[in-house]
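This report covers the contact between two chains, the fold of one of them, and a few selected salt bridges. The sequence and structure come first.

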Amino acid sequence: MCAQTARAEDVMDLIKEEQGEMLSGAEILLRCLINEGVDHIFGYPGGAVLPIYDSLYSSAINHILMRHEQGAIHAADGYARATGKPGVVIVTSGPGATNLVTGIATAQMDSIPLVCITGNVATTAIGTDAFQEADITGITMPITKHNYLVRDAKNLPRIIKEAFHIASTGRPGPVLIDIPKDVSSSKVPFQMEERLSLRGYNPTLKPHPLQVERLVKAVAEAERPVILAGGGVVSGGADRELIRFAEEARIPVTTTLMGLGGFPGNHPLCMGMPGMHGTYAANQALLECDLLIGVGARFDDRVTMGRIDKFATKAKIVHIDIDPAEIGKTLETYIPLVGDVKQVLSVVNEKVKPARSEQWLQQIEAWKEERPLTYDKHPDTLMPQWVIELLYESTSGDAIVTTDVGQHQMWVAQYFSFAEPRSCISSGGLGTMGFGFPAALGAQLAHPERTVISVNGDGGFQMNAQELAVAAINNIPVKVAIINNLCLGMVRQWQEIFYENRYSHIDLSGSPDFVKLAEAYGVRGFRATNEKEAKQVWQEALAHPGPAVVDFIVREEENVYPMVPAGKGLDEMIMGDESE
Amino acid sequence: MKHVLSILVNDEPGVLARVAGLFSRRNFNIDSICVGETETPGVSRMVIVTSEDSQTMEQVKKQLHKLIDVIKVQELSEHAMVARELMLVKVEVSPSARSEVNGILEPFRASVVDVSPNALIVQATGDRDKLDALVELLHPYGIKEISRTGLTAMTRGMVKVPS
């Protein structure tokens, strides 16, 4: 465990005194990170970053040593999603850097602010196929918001300032800084960069008054309006403004996976998640609405099902987003509104009048009652949906929940009602297995006072289980719930429904005894095979003051419903009870 | 329909790769790409000719603006513009045919920049149609090699093009 060796204020004073002194690139990097307000770094050392790790040895920054670079970047990502601050990860060259690729793409797809620092071989060796060399700037060009190769330590203060600005403003995203070893060891006069000068980067934050007028008018005339709220509401901190907008305009809200918690799940106007595994009410609303207001959502293909010809065909589309390139990318947009979601909704809220939606709201209630989310229970078997309900009830919904990817992820989205933003942490756009557990570690470090639950499948948990060591040694009290159906569940579901039960390679036999695995790492392990055991061990796990793993053995042949098959419209939902 | 984009970029290593990579991963086509210095130090101009429909062109311009190194994007083909390309053509020409070939070159204001016993290198500048026409006329003689730079372009007059 790394102890703070200096108070932050002392360090900032020191930084001011040091202007003009000859410092190494590594020392400059550390000072700039502190200047940016970084207090946690996730990383894994190696040859190319030895100078940086030498500077870290006596630094005020809290460095968490992970056990795989992928674990490190997912942890930084979970930290960023939980706080809104950029997550920071430091890894070495070559394989260390390439191990970040999945994590960078994960952050890119979900617009998460990250600053990734990779070491590289010396500038004189670049391009020679040197030991542990990789062209990481070339490799990550398409999956970063921007990246840098630092050729002179004098440029480090400017580059770091730019990197943090780019990562965290406008539509956030991952930025990579590649630092060759000779640059981090070379000494240059240290000059902190005060000004920011990015000619090609100037996000629009304030909404256009004309478009706001048009939106207000369209709302007042609408009879069947719907708000589709996405990740932009969360990253823009616009949840209060959204609640006020929905309530004053009397418009029902559906939240995408990335938007869960951006609008309270148990609010009377909330219809749940839309799309492929969305609720009946949300999908019916999208099919019948006459005005669809996208707020910080990108109309991704898990919502539209890739069938633009069938999506919200009766509606005029309004799109509020900070990224102008998203507007009109997928759908023909009647009212485009570029701007920061919080600022846009604040302006709209001053002028908005209610829609003519009384009957529509009653219709929504009828749909909710007609087809609520349900599942059949089987005697003496743990149902995965019931386990999620247990997690919800035992914490009164007041937990930060991370998911991995697959059926359990969908059941969390359906059965765990999120009241606050930044409480549902899930890899939505890329759907990265192995994301959930390290992300939970990052989230818990960001919020030591909260209960953090990492919900996993048995497949995904094994992809980064080695990070149990980090939980143990740092006493990070994440509660891991493994929804264990002994197979790769979501793939199994698709093979059952679309490939006539030809279960090709989804059998995860040979997985470890997760209780023994946890205990091998020094983490408490529990198992439950029925409801009585589940309630008991889960309470024990929650009460335990350190990390805990609970292996819930659940029914294997259970499918996520509703389901909209790939290539079909939202009107072709399979509810799961068709045979009845 | 062909569209001509003029893109002002920071003159940083890799900026050409960033722009080309963007076109590639978003599945936009590039007919030609031509890049060089401008009157401003540290700023390069990239002229890209693409053949996408107008709805896609909206996306092309918006996605280009997302690149940090891109300063300004103008669709020149929407306004009055001057567009020029340089071409070198190596043609099989025996000594007896040389003056005949010169007769073809004259109306195009093209010139001969290399002479060898059985070949000539012809240099021509102009817009795409003009150069395409010259190539067609030289075809019967036997074209050994063609090298074209791709279009560069700018707006006519002192018109300020909104980006």
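One salt bridge is counted between chain B and chain A in this predicted model. Its partners are the side chains of Lys66(B) and Asp323(A), with an N to O distance of 2.5 Å. Polar contacts between chain B and chain A amount to six residue pairs, both residues being at pLDDT 80 or more.

On the side of chain B that touches chain A, helix H1 (15–25), helix H2 (54–66) and strand E4 (70–75) of chain B each supply at least two residues. H2(B) gives the most to this side, with five residues. Sorted by class, the side of chain B that touches chain A holds six nonpolar, six polar and five charged residues.

In terms of contacts, 17 residues of chain B meet 17 residues of chain A. The area buried between the two chains is about 1,400 Å², and carbon and sulfur atoms give 52% of this area. Three residues, Arg18(B), Lys66(B) and Ile68(B), supply 45% of the area that chain B buries against chain A, more than any other three residues. Lys66(B) is thus one of these three residues and also a partner in the salt bridge with Asp323(A).

**Chain B as a whole**

Chain B contains four helices and nine strands. Along the sequence their order is β-α-β-β-α-β-β-α-β-β-α-β-β. The C-alpha trace of chain B spans about 55 × 35 × 30 Å along its principal axes. Chain B has 163 residues, of which 42% count as buried. Among contacts in chain B with a separation of 6 or more, 73% come from residues 24 or more positions apart. The exposed area of chain B is about 8,800 Å², with 51% of it supplied by carbon and sulfur atoms.

**Salt bridges**

Over all chains, a search of the whole structure finds 34 salt bridges. The table gives four of them, including the pair between the chains.

| Pair | Closest N to O distance |
|---|---|
| Lys66(B) and Asp323(A) | 2.5 Å |
| Lys61(B) and Glu75(B) | 2.7 Å |
| Glu288(A) and Lys314(A) | 2.8 Å |
| Glu326(A) and Lys329(A) | 3.1 Å |

Glu288(A) and Lys314(A) form a salt bridge with closest N and O atoms 2.8 Å apart. This pair links distant parts of the chain, 26 residues apart: Glu288(A) is in helix H13 (residues 280–288) of chain A, and Lys314(A) is in the loop between helix H14 (301–304) and strand E12 (316–321) of chain A. Glu288(A) counts as partly exposed at 25% relative accessibility, and Lys314(A) counts as partly exposed at 45%.

Is Glu326(A), the salt-bridge partner of Lys329(A), buried or exposed? Glu326(A) has a relative accessible area of 5% and is therefore buried, the limit being under 20%. Lys329(A), with a relative accessible area of 31%, is partly exposed.

Within chain B, Lys61(B) forms a salt bridge with Glu75(B), the closest N and O atoms being 2.7 Å apart. Because Lys61(B) lies in helix H2 of chain B and Glu75(B) in strand E4 of chain B, the pair ties together parts that are 14 residues apart in sequence. Lys61(B) counts as buried at 14% relative accessibility, and Glu75(B) is buried with a relative accessible area of 6%.

Salt bridges that share partners join Arg171(A), Asp323(A), Glu326(A), Lys329(A) and Lys66(B) into one network. The pair between the chains, Lys66(B) and Asp323(A), belongs to this network.

**Two further sites in chain A**

Helix H19 (residues 436–446) of chain A is mostly covered, eleven of its eleven residues being buried. Among them are Phe437(A), Leu441(A), Gln444(A) and Leu445(A).

Gly138(A) is located in helix H7 (residues 136–140) of chain A. With a relative accessible area of 31%, Gly138(A) is partly exposed. Its C-alpha atom is separated by 19 Å from that of Ile166(A), which is 28 residues away along the chain.

Key: Residues numbered from 1 in each chain as written. Chains lettered and ligands numbered in written order. Predicted model: local features only at pLDDT ≥ 70, side-chain atom pairs only at ≥ 80, totals over all residues. Heavy atoms only, no water. Contact = heavy atoms within 4.5 Å. Buried area = accessible area lost by both parts, 1.4 Å probe. Salt bridge = Lys/Arg side-chain N within 4 Å of Asp/Glu carboxyl O. Polar contact = N/O pair within 3.5 Å; in protein donor to acceptor, adjacent residues only side chain to side chain. Nonpolar A, V, L, I, M, F, W, Y, C, P; charged D, E, K, R; others polar. Buried < 20%, exposed > 50% of the residue type's maximum accessible area, 1.4 Å probe, protein only. Areas by Shrake-Rupley, 256 points an atom, 1.4 Å probe, with all protein chains shown as cover.
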